[in-house]
Amino acid sequence: MIFREQNFGKSQVEIFRFVENENTLQYIKAIKHELLLNVNDIVAVGTESFYATNDLYFTNGILKFVEPFLSLPWCDVVYYSPQTLQVVAGGFLIANGIKISPDKRHLYVSNIMKHKISVTNPVHELPISLTLEVDVGSVCDNIEVDHESGDLWLSCHPNGLKFMLSDPNDPPGSEVIRIENIFSENVIVASSVATQYGGKLLIGTVYQKALICDLKL
């Protein structure tokens, strides 16, 4: 099991082994490195290897506060194994949640300032590059992957400003988004009206023909 710890701009990843017959955690080691600047999330791909997102570039408190307002694409994804530690993908405004596909080929990264989920090319094909970006229209925090269907479940903040202000008298909203078949092409664009009847959903569009779908309730 792998955990991350963040304190005053200094991050470290701690690795534990789960001893099942004792129901305990055995401490293995802590990993600290200058490339692990501001770790937000990690996804384990081995007993001592993982990918991690850095959600900010600066470590100074004041600079960290103003960085999101500067739109600097300096955040990245780092890969660690006992043999290497390197930046494998960059160009993120803020790299938040990260997960890997069930076949261990593609990384999913929440690029929250762009309101998108970024998908990489197969991770064994270095250098890693972004081959797909899915616009979800929300500030997506973390990602979970259904290891049977491959669907993505995203926990999101529909209004980023309200989330930052955290006003108890005007609290921020919340939404969960599900993405099925993330590599499929869009079947409809610019929807203008929708109605459901008898287990069917009929969608009309501005530019295209109508689309009828089966509803899963």
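Lys162 and Asp170 are a good place to start: their side chains meet in a salt bridge, at 3.0 Å from N to O. Keep in mind that this is a predicted model. In all, the structure holds 10 salt bridges, and a search of the whole structure turns up seven aromatic pairs. Here's a quick tour of some of them.

**Salt bridges at partly exposed sites**

- Back to that opening pair: Lys162 counts as partly exposed, with 28% relative accessibility, and Asp170 also counts as partly exposed, at 37%.
- Another salt bridge brings together the side chains of Lys29 and Glu48, at 2.9 Å from N to O. This one links distant parts of the chain, 19 residues apart: Lys29 sits in strand 3 (residues 24-31), while Glu48 sits in the loop between strand 4 (39-46) and strand 5 (49-54).
- Lys29 has 25% relative accessibility, so it counts as partly exposed. Glu48 comes in at 24%, which makes it partly exposed as well.

**A buried salt bridge and its network**

- The side chains of Lys99 and Asp41 also meet in a salt bridge, here at 4.0 Å from N to O. Lys99 belongs to strand 8 (residues 95-100) and Asp41 to strand 4, so this pair ties together parts that are 58 residues apart in sequence.
- Both Lys99 and Asp41 are buried.
- There's a third member to meet: a network of salt bridges links Asp41, Lys99 and Glu144.

**A buried charge without a salt bridge**

- Glu14, found in strand 2 (residues 10-19), is buried but has no salt bridge.
- Why no salt bridge for Glu14? The nearest side chain of opposite charge, Lys32, is 7.5 Å away, and a salt bridge needs the nitrogen within 4 Å of a carboxyl oxygen.
- Glu14 does have a polar contact, though: its side chain is joined to that of Gln12 at 2.6 Å.

**Aromatic pairs**

- Among the seven aromatic pairs, Phe16 and Tyr27 form one that is edge-to-face, with 5.4 Å centre to centre and 70° between the planes. Since Phe16 lies in strand 2 and Tyr27 in strand 3, the pair ties together parts 11 residues apart in sequence.
- The two partners sit in unlike surroundings: Phe16 is buried, with a relative accessible area of 18%, whereas Tyr27 is partly exposed, at 44%.
- Tyr57 and Phe58 make an edge-to-face pair too, because their ring centres are 5.3 Å apart and their planes are at 80°.
- Tyr57 counts as partly exposed, at 39% relative accessibility.
- Ring pairs also bring in Trp74, linking Tyr57, Phe58 and Trp74 into a cluster.

Methods:
Residues are numbered from 1 along each chain as its sequence is written. Side-chain values use heavy atoms; hydrogens and water are left out. Helices (H or I, at least four residues) and strands (E, at least two) are DSSP runs, numbered from the N terminus. Buried means under 20% relative accessible area, exposed over 50%, partly exposed in between (1.4 Å probe, protein chains only). Lys and Arg count as positive and Asp and Glu as negative; His and the chain ends are not counted. A polar contact is a pair of N or O atoms within 3.5 Å; within protein, one must be able to donate a hydrogen and the other to accept it, and residues adjacent in sequence count only if both atoms are side-chain atoms. Rings of Phe, Tyr and Trp (its six-membered ring) pair if their centres lie within 6.5 Å; planes under 30 degrees apart count as stacked, over 60 as edge-to-face and the rest as tilted.
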